[in-house]
Amino acid sequence: MTDIIVIGGGPAGLTAAMYALRGGKSVMLFEKEAYGGQISKSANVENYPSVKSVSGFEFSMNLYNQAKAFGCEFRKERVTRVEDGEIKRVITSKDEYECKAVIFAVGATPRKSGLENEEELIGRGLSYCAHCDGNFFRKKDVAVIGGGSTALQDALYLSEICNRVYLVHRRNEFRGESTLAERVRAKENVEIIYDSTLEKAEGKPVLKSITVKNKVTLEERQLDVSGLFLAIGQEPATKEFSDILPLDEYGYVSCDEGCKIKEGIYVCGDCRRKALRQLTTAVADGSVAGSEA
Ligand code: NAP
């Protein structure tokens, strides 16, 4: 019997574990892939307060070692099911475990564009996070793909930093908030390219240009950009726990201010419904969930 089981070893989960351990509880943490989650793949983190610059990998390892030093027990297993009750049962690909509280920190993954060289270009011009990587493209030309609130917010954010921003959307009306769309339309250095899809991204080892195709006229246009921001949605890793988690229409988990869903069930990090998904907000959530649990 463990006091608290944390599902997910990203910044939110590792911070939740640390807070719970410091509160005198025993903690077991399950991670199916890499500790640190999405941030472990970021070349550079420059927006974590008081840390000028650190690689995502180093940040992740530091956090992992910190949780370990406090006594966290780690398991490299995939959790497939959680059963609620006074005693919670956590079922993994290998075994079954019992605990008094469960913290879901399962994260979300950015939707991929399907470009042939997508993986190759990550960190070499292609990014899924304007707030994390925008500053690397100061005074340069960049493109944002998507038509939701994230794409609109990204275009606004980048328009303050970059020389020119192309916002490429596959339809001729935005899915995102109309007030954001109005603000984007008013920006002189943002060009909106409607009805267009991303066909290819070129450049080796770093991105040099993208080609977009208008679905109506079938015309192709090459845009010389050094940054490509994909804002085509995220997929929270919550589907397999939909029996226990209250999900919104996008699959994000709703909770109260204390990151609580119900007695003994908590949620933190990117899988939670919230306004800003960042390293800072993930660790903030983790500390709340860890201490509340
Ligand atoms: P989203 O609302 O799902 O929008 C994704 C956008 O990407 C859509 O415009 C979609 O086009 C497009 N798209 C999807 N797959 C694509 C593909 N393969 N190729 C090209 N385009 C593709 O995602 P989101 O913008 O990340 O927002 C997620 C949630 O967070 C929403 O609830 C949103 O309101 C919320 N949010 C709120 C704020 C805020 O300030 N209030 C800020 C950010 C996010 P279609 O429109 O054609 O489907």
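A pocket, on a 1 Å grid over the protein atoms alone, is an open set of points where a 1.4 Å probe fits, with protein on both sides within 12 Å along at least five of seven lines; its lining residues have an atom within 4 Å of a point. Keep in mind that this is a predicted model, where local features need pLDDT of at least 70, side-chain atom pairs count only at pLDDT 80 or more, and totals for chains, interfaces and linings use all residues. Residues are numbered from 1 along each chain as its sequence is written, and side-chain values use heavy atoms, with hydrogens and water left out.

**Stop 1: the second largest pocket**

Select T15, M18, Y19, Y48, V54, F59, N62, L63, Q66, V283 and S287, and you have the lining of the second largest pocket. Two or more of these residues come from each of α1, α2 and α7; helices here are DSSP runs of H or I with at least four residues, strands are E runs of at least two, and both are numbered from the N terminus. The largest share, 4 residues, comes from α2. Colour the lining by type and you get 7 nonpolar, 4 polar and no charged residues (Ala, Val, Leu, Ile, Met, Phe, Trp, Tyr, Cys and Pro count as nonpolar, Asp, Glu, Lys and Arg as charged, the others, Gly among them, as polar). The volume is about 180 Å³, meaning the space filled by probe spheres set on the points, with grid points joined across faces, edges and corners.

**Stop 2: helix α2**

Now pick residues 56-69. The 14 residues of α2 should span 20 Å at 1.5 Å a residue, and the end C-alpha atoms are indeed 20 Å apart; the expected span is 1.5 Å times one less than the number of residues. Which residues of α2 are buried? They are G56, F59, S60, L63, Y64 and A67, where buried means under 20% relative accessible area, exposed over 50% and partly exposed in between (1.4 Å probe, protein chains only). These buried residues sit on the same side of α2 because they cover an arc of only 130° around the axis, taken from the directions from the helix axis to the C-beta atoms. They pack against α1 (11-22), β3 (73-75) and α7 (279-292), contact being heavy atoms within 4.5 Å. Spin to the face turned away from the buried side for the exposed F57 and A69. Just after α2, stop at G71, with a positive phi of about 105°.

**Stop 3: helix α5**

Jump to residues 149-161. For the 13 residues of α5 the expected span is 18 Å, and the end C-alpha atoms are 19 Å apart, which agrees. Show A151, L152, D154, A155, L156, L158, S159 and I161, the buried residues of α5. Their packing partners include α4 (130-133), β9 (141-145) and β10 (164-168).

**Stop 4: the loops**

Select H169 in the loop between β10 and α6. Is H169 buried or exposed? Its relative accessible area is 6%, so H169 is buried. Beyond neighbours within four places in sequence, H169 touches G146, G147, F174, I193, Y194, D195 and S196.

Next, find P205 between β12 (196-202) and β13 (209-214); the peptide bond from K204 to P205 is cis, with omega near 0°.

Finish with two non-glycine residues of positive phi. S50, between β2 (27-30) and α2, has phi near 75° and is exposed at 80% relative accessible area. L218, between β13 and β14 (220-224), has phi near 65° and counts as exposed at 56%.
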